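Please look over the sequence and the model shown here before reading the notes that follow.

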Amino acid sequence: GGDLAARGVDVLLNPSASHFAFGKHEVRKRLVLEGSRAFGVAYVYANLLGNEAGRAIYDGGALIASLGELRAAGPRFGFYDQHVTCATVDVDATRTSGASRPRPFAAAEAAELVPVAFDFPPCDPSPVTVETADWEQGPHTKEEEFTRAVALGLHDYRRKSHSSGFVVSLSGGADSAATAALVATAFQLAAEDPDHARDAIRAGLCTAYQATRQSSQATRDAARQVAEALGAEHHEFEVDALVDGYLALGEQALGRPLAWETDDLALQNIQARSRAPSVWLLANVRRALLLATSNRSEAAVGYATMDGDTCGGLSPIAGIDKAFLLSWLGWMAEIGPEGLGPLPALSAVTALPPTAELRPADRDQTDESDLMPYPVLDAIERAAVRDRLAPREAFARLRADFPDRGPRTLGAWVVRFYRLFAINQWKRERYAPSFHLDDENLDPKTWWRFPILSGGFARELAALQAELDQLPADPE
């Protein structure tokens, strides 16, 4: 930019492919405004729109600025092939302003500027046409950005993969409900005629609740209510016979019965895996995309069954943490995206504690009892992945961030996180492609590399555990 400005260029064009991330649009605005002011030019920024690479989502949002003032801003997350953003710029004023102050760049060697003729499309702009949507100025910008980014990503992925729609294994829990709601939102935002959106959802979204003897009536009802509210084609399958068949094979091979006291993890996983073939069958017959429903918090610690809840061709929420996802579901149930409104049926899901429902009911299984509170888990993940902190450094930060928690409890959670994170890289290597949404992505193909076989922070965790053993017991 400085080289072109020194050669007397009046209009600086920046065709960009800047992928979406939370808050990134504001960074782009500052770049464009400062560039127009520092270079003394009219600065025109055009960005890619849609899902062009599978994982990266581009949010559009053209910007035109002159002398540090925003003259026009185009819409973001549009479901159209192209959009023209126009502005009227006084080139003489730009030249005068640029000539009146020293440029911060050394003059480039003389070079001939070659004029290029260009026929601009019809445009009748007002003096300032900043098309900032209402949702970009409200208190729920992150929720809106997440909704619109994933919806656009799903829409383009379906369109460019020539798939007929989506299949979701709807468990009655938060993750699958969020995935199904995002699919329905994609059809709603893409519909040229809102009255036909429900027909598109019915044709393009198929859900299935797959019950075992561990499944509760509450999750069955929640799944049905969400599917009906979305307008999806919904099925209910009983898969105990499949589970029992696999158990019989295993017991025959082992020569002994399988029991919860000795085979807890295997008995949980076989239930989740027994649900995969039926939804794969639906997806194959419908020529649809099967969506995996695991989130980033689960990916971080491996709290997911390979070939169970991770099965699918696309994993749309694997780039977002569970704490935000739970908050987003509450927002969707009560407020919802600008122009679409809430989906109250999601309250049936948000009222239930997150649980895999893979152990007998009398064992009171919940995700957080298996792991730790999700806000704590996500705070440790940010410290470990985003900020590259060692276990003891993460522990020190957690003590400051969660003063109401006992230090021995916090330390135990830090030890658990780092151990699980290290041994579960092989699972993250096998996840279906996920969308990039912020700078904490765990996708090893595009963002976070980690050895499958590693020391597992053994020395650091041993040192931290030794420190924890010296602390007094946490108060009850």
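The report below takes up a pair of helices and then two loop residues.

This is a predicted model, in which local features need pLDDT of at least 70 and side-chain atom pairs count only at pLDDT 80 or more, while totals for chains, interfaces and linings use all residues. Residues are numbered from 1 along each chain as its sequence is written, and side-chain values use heavy atoms, with hydrogens and water left out.

Two packed helices are described by the angle between their axes and the distance between the axes. Helix H4 (residues 141–160) and helix H5 (residues 174–190) have axes that come within 8 Å and cross at roughly 80 degrees, the axes being lines fitted to C-alpha atoms over the stretch in contact, with angles from 0 to 180 degrees between N-to-C directions; helices are DSSP runs of H or I with at least four residues, and strands are runs of E with at least two, numbered from the N terminus. H4 is therefore roughly perpendicular to H5, a term for angles of 65 to 115 degrees. Among the residues of H4 that meet H5 are Phe146, Val150 and Leu154, and those of H5 include Leu182, Val183 and Phe187, where contact means heavy atoms within 4.5 Å.

Most residues other than glycine have a negative phi. The table lists two residues with a positive value, with exposure classed as buried under 20% relative accessible area, exposed over 50% and partly exposed in between (1.4 Å probe, protein chains only).

| Residue | Phi | Loop between | Relative accessible area |
|---|---|---|---|
| Leu67 | near 55 degrees | strand E5 (63–66) and strand E6 (69–73) | 30%, partly exposed |
| Arg388 | near 55 degrees | helix H15 (374–386) and helix H16 (391–401) | 55%, exposed |

How values were computed. Angles under 35 degrees count as roughly parallel, over 145 as roughly antiparallel, 65 to 115 as roughly perpendicular and the rest as oblique.
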